[in-house]
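I opened this entry to record what I looked up, going from the overall picture to one residue and then to the strand beside it.

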Amino acid sequence: MHDRPSDQHQEHGREHDRAAGAAAPGAGAPGAEAPGVGRRRVLGLALGAGLVPALAPAALATPSADRTGTRPHPLTDDPEPPSVALGRRVAAVATAQLGVPYAWGGGDRLGPSLGFCDEENGYLDGVCLGETTVGFDCSGLSLYCWYLASRGTVELGHYTVAQFNRSAPVDRDRLAPGDLLFFSRPNAPLHHVGIHVGDGAMIHAERTGTLVARVEHVLDVPRWAGEFAGARRPAPPTA
């Protein structure tokens, strides 16, 4: 999940809340933006617009008919709960991002964006890739998928800990598409988030030099099972 082995406990836990413009709950005010980052963000949005895979209208639509072609009766049939339909849309948006590059600090409400490098992150073999890569980091991907699928009603913030705190806990045996899976190490902060897409699979943006990918039966994989810190389910604000 990290760019440098010596920094493995820090990368995702130090993501700035770039989309929401605020630090995680309980954290101090974010520092001043590094020179040139604003310019790179604008450029990234322009470049990123061409990288977001187009979703067919059906990908964001709630199913209106079963396999027999019969539409549910509005009064006598029980339609799919809105929360279930929303989760399925989140999973569909995440699936459409497979193959998008990882970019440290990349991703916002509009899709993949130009990343950056700081003192520790965004590098591969000592080379800064963040400043030349349009893509997502882990929380940038989950932020975008939930924002698009919810049609702008769910804003998670670009920070793993904030996303955890803004969502409701979900038991492992009740996981549904769209739920967020969080990971940490002993005595260390959360460092990674991925999107559960059903059947035990997770889609995530892992580290510099990789692409958005799908991991089958993620919680049966020793590496991920050993770092699993819980699942959470975002939801639109209630009136």
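**Confidence first**

I am working with a predicted model, and I began with its confidence: the mean pLDDT of the protein is 79, and 67% of its residues reach 70 or more. Over residues 1–59 the pLDDT is below 50, although this stretch has 127 contacts in the model beyond near neighbours in sequence. Residues 61–77 also have a pLDDT below 50, and I noted 12 contacts there beyond near neighbours in sequence. I will hold back on both stretches, because predicted coordinates should not be read in detail where pLDDT is low.

**Overall picture**

I then looked up the secondary structure of the protein, which comes to six helices and 10 strands. Of the 239 residues in the protein, 46% are buried, and the protein exposes about 11800 Å², with carbon and sulfur atoms supplying 55% of that area. I also checked how far apart in sequence the contacting residues are: among contacts with a separation of 6 or more, 63% are between residues 24 or more positions apart.

**Serine 142**

Is serine 142 buried or exposed? I found serine 142 in helix α4, which covers residues 138–149, and its relative accessible area is 1%; since the cut-off for buried is under 20%, I recorded serine 142 as buried. Its side chain is joined to that of glutamine 163 by a polar contact of 2.6 Å. Leaving out residues up to four places away in sequence, I listed Leu156, Gln163, Leu180, Val193 and Ile195 as the residues that serine 142 touches.

**Strand β6**

Leu180, one of the residues touched by serine 142, led me to strand β6, residues 180–183. Which residues of β6 are buried on each side? I noted Leu180 and Phe182 on one side, with Leu181 and Phe183 on the other, and all of them are buried, so that both faces of the strand are covered. This fits the general pattern, in which side chains of a regular strand alternate between the two faces of the sheet.

Next I looked up the pairing of β6. With strand β7, residues 192–198, β6 pairs in the antiparallel sense over four bridges, and leucine 180 has isoleucine 195 as its bridge partner in β7. I note that Leu180 and Ile195 both appear among the residues that serine 142 touches. With strand β10, residues 228–233, β6 again pairs in the antiparallel sense over four bridges, and there phenylalanine 183 stands opposite phenylalanine 228.

Terms used. Residues are numbered from 1 along each chain as its sequence is written. This is a predicted model: local features need pLDDT of at least 70, side-chain atom pairs count only at pLDDT 80 or more; totals for chains, interfaces and linings use all residues. Side-chain values use heavy atoms; hydrogens and water are left out. Helices (H or I, at least four residues) and strands (E, at least two) are DSSP runs, numbered from the N terminus. Buried means under 20% relative accessible area, exposed over 50%, partly exposed in between (1.4 Å probe, protein chains only). A polar contact is a pair of N or O atoms within 3.5 Å; within protein, one must be able to donate a hydrogen and the other to accept it, and residues adjacent in sequence count only if both atoms are side-chain atoms. Contact means heavy atoms within 4.5 Å. Accessible areas come from the Shrake-Rupley method with a 1.4 Å probe; for residues, only the protein chains shown count as cover. pLDDT is the predictor's confidence in each residue, from 0 to 100. Two strands pair if DSSP finds at least two bridges between them.
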